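I opened the model to look up a few loop residues and one helix pair, and I keep my notes here in the order in which I made them.

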Amino acid sequence: MLKTGSEHIETLRDGRQVFINGKLADDVTVHPAFRQSIQSVARLYDFQSAEQNRAIMTYEVNGAGAASRIWQMPGNYAELVARRRALETWATLHCGFLGRAPDHVASCLAGMIMGIEVFQAYEPKRAEALAEYYRYARDNDLYLTYVIINPPGRPIEERKPAAGPYLDGRHRRPGCRRSDDPRRKDVGDRRHHGQRGFRHLHSAALRGR
């Protein structure tokens, strides 16, 4: 249920296509734009799988073996504290610079399973599919992430906002402010937007399958 850093790197050599500056990156594990971040992620998995760190970084899954605590669903206060300690330990290794570290989406998925009865009440078959995917991700120690927007397929002048009840007449979510609104704290903050772009660019290159 645990993978090493080298095993994680190998999962990234699967023929994926990642483009940067209009050019295909080929092997992202050696590309200068991605290799250092990938090595940082590999360090997390090596740290987690090291025998001396098993007690803090892993938990037993019904006698089936050790799994990463990022997949743990705490059943009491002590388990909650143990899980948090593991995530804090990982965070010290990357100093908080990995905004989409492996524990990010794993925590979200584990939280969904802890409230699986909500999904079961809506559609039992889909709830079971979700539970199966959780088990698959846990048992293979996947690195999951997500994208924020769909990749644009048409020129900007031809695009239309997606339909949905969350959009108001100005094609924005209610309560959101325009990018030029002076009340927005991040207006003019190039560093803020640069960090967001950096994280989104790297997500496709870093995540495991």
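I began with D141, which is found in the loop between α7 (124-139) and α8 (190-206); helices are DSSP runs of H or I with at least four residues, strands are runs of E with at least two, and both are numbered from the N terminus. D141 is buried, with a relative accessible area of 0%, where buried means under 20% relative accessible area, exposed over 50% and partly exposed in between, using a 1.4 Å probe and protein chains only. Its backbone also caught my eye: phi of D141 is near 50°, a positive value in a residue other than glycine.

Before going on I noted the conditions: this is a predicted model, in which local features need pLDDT of at least 70 and side-chain atom pairs count only at pLDDT 80 or more, while totals for chains, interfaces and linings use all residues. Residues are numbered from 1 along each chain as its sequence is written, and side-chain values use heavy atoms, with hydrogens and water left out.

I then looked up D26, in the loop between β2 (23-24) and α2, where phi is again positive, about 60°, although the residue is not a glycine. Is D26 buried or exposed? I found D26 exposed, with a relative accessible area of 55%.

For the chain as a whole I wrote down eight helices and four strands, which follow the pattern α-β-β-α-α-β-β-α-α-α-α-α along the sequence. Of the 209 residues, 35% count as buried. Taking contact as heavy atoms within 4.5 Å, I noted that 60% of the contacts between residues at least 6 apart in sequence join residues at least 24 apart.

Next came L12, in the loop between α1 (5-11) and β1 (19-20), which is buried with a relative accessible area of 3%. The C-alpha atoms of L12 and D27 are separated by 8.1 Å, with these positions 15 residues apart along the chain.

How do α2 and α4 pack? Helix α2 (residues 35-49) and helix α4 (residues 77-94) meet at an angle of about 140°, with their axes 10 Å apart. That makes α2 oblique to α4, since angles under 35 degrees count as roughly parallel, over 145 as roughly antiparallel, 65 to 115 as roughly perpendicular and the rest as oblique. On the α2 side the contact is made by R43, L44, Y45, F47 and Q48, and on the α4 side by T89, W90, L93 and H94.

F47 led me to N53, which lies in the loop between α2 and α3 (54-57) and is buried, with a relative accessible area of 12%. A polar atom of the N53 side chain lies 2.8 Å from the backbone oxygen of F47.

My last entry is Q72, in the loop between β4 (66-68) and α4. Q72 is buried, with a relative accessible area of 5%, and its side chain makes a polar contact with the side chain of R69 (2.8 Å); such a contact is a pair of N or O atoms within 3.5 Å, where within protein one must be able to donate a hydrogen and the other to accept it, and residues adjacent in sequence count only if both atoms are side-chain atoms. Not counting residues up to four places away in sequence, Q72 touches Y59, E79, R83 and A110.

Definitions and conventions: Axes are lines fitted to C-alpha atoms, for helices over the stretch in contact, and angles run from 0 to 180 degrees between N-to-C directions.
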